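Colleague: I would love your help with a close look at one part of this model. Could you walk me through it at a pace that suits someone from the bench?

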Amino acid sequence: MEIIRTEIEGLLIIKPKVFGDMRGYFFNSYNEKKFREAVGDISFVQDNESKSHKGVIRGLHFQLPPHAQAKLIT
C-alpha cells in the first residue's frame, strides 16, 4: 500500500498494490494493520459502495463534530 499525501490537510490517497496476471487482478482494498501503520489510530467501521448511471453526480456529506466522520473513497 502506498500513501500519497496531498496539499489538503487530512486528505491522503491510499494506493493499493495490485497483483495482476492473464486471469485478471487482485488487490487488498483494506487491511486494518497496514492502514493504522500508515494513517494512525482511526476507527474505520463502515464501507459503502454505490454505482451511478452516466450523467449522475454524487456528493459527500460534510459533517462537523460531534457527528463528524472520516471518509474512505474508492
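Colleague: To set the scene, how many helices and strands are there in the protein chain? Then please take me to Tyr25: in which strand does it have its place, and which residues is it in contact with, leaving aside its neighbours within four places in sequence?

Modeller: Happy to. Please keep in mind that this is a predicted model, in which local features need pLDDT of at least 70 and side-chain atom pairs count only at pLDDT 80 or more, while totals for chains, interfaces and linings use all residues. Residues are numbered from 1 along each chain as its sequence is written, and side-chain values use heavy atoms, with hydrogens and water left out.

The protein chain has 1 helix and 4 strands, in the order β-β-β-β-α along the sequence. These elements are DSSP runs numbered from the N terminus, with at least four residues of H or I for a helix and at least two of E for a strand.

Now to your residue. Tyr25 sits in strand 4, which covers residues 24–27. Tyr25 is exposed, at a relative accessible area of 62%; the cut-offs are under 20% for buried, over 50% for exposed and partly exposed in between, with a 1.4 Å probe and protein chains only. Once neighbours within four places in sequence are set aside, Tyr25 is in contact (heavy atoms within 4.5 Å) with Val18, Phe19 and Gly20. By comparison, Ile3 lies 22 residues from Tyr25 along the chain, and their C-alpha atoms are separated by 20 Å.

Let's look at the contact from the other side. Val18 belongs to strand 3, residues 18–21, and is partly exposed at 49% relative accessible area. Not counting residues up to four places away in sequence, Val18 touches Tyr25, Phe26 and Phe27. Glu37 is 19 residues from Val18 along the chain, with 19 Å between the two C-alpha atoms.

Tyr25 also takes part in an aromatic pair. Rings of Phe, Tyr and Trp (its six-membered ring) pair if their centres lie within 6.5 Å; planes under 30 degrees apart count as stacked, over 60 as edge-to-face and the rest as tilted. The count by this rule is 1 aromatic pair. Tyr25 and Phe27 have ring centres 6.0 Å apart and planes at 15°, so this pair is stacked. Phe27 is partly exposed, with a relative accessible area of 30%.

For the helix, take Val39. Val39 is found in helix 1, residues 32–39, and is partly exposed at 25% relative accessible area. Beyond its neighbours within four places in sequence, Val39 is in contact with Leu12 and Ile14. Lys15 is 24 residues from Val39 in sequence, and their C-alpha atoms are 13 Å apart in space. Pro66 lies in the segment after helix 1, and the peptide bond from Pro65 to Pro66 is cis, with omega near 15°.

Finally, the whole chain. Of its 74 residues, 1% count as buried. The C-alpha atoms fill a box of roughly 45 × 35 × 25 Å along the principal axes. Among contacts with a separation of 6 or more, 19% join residues 24 or more positions apart.
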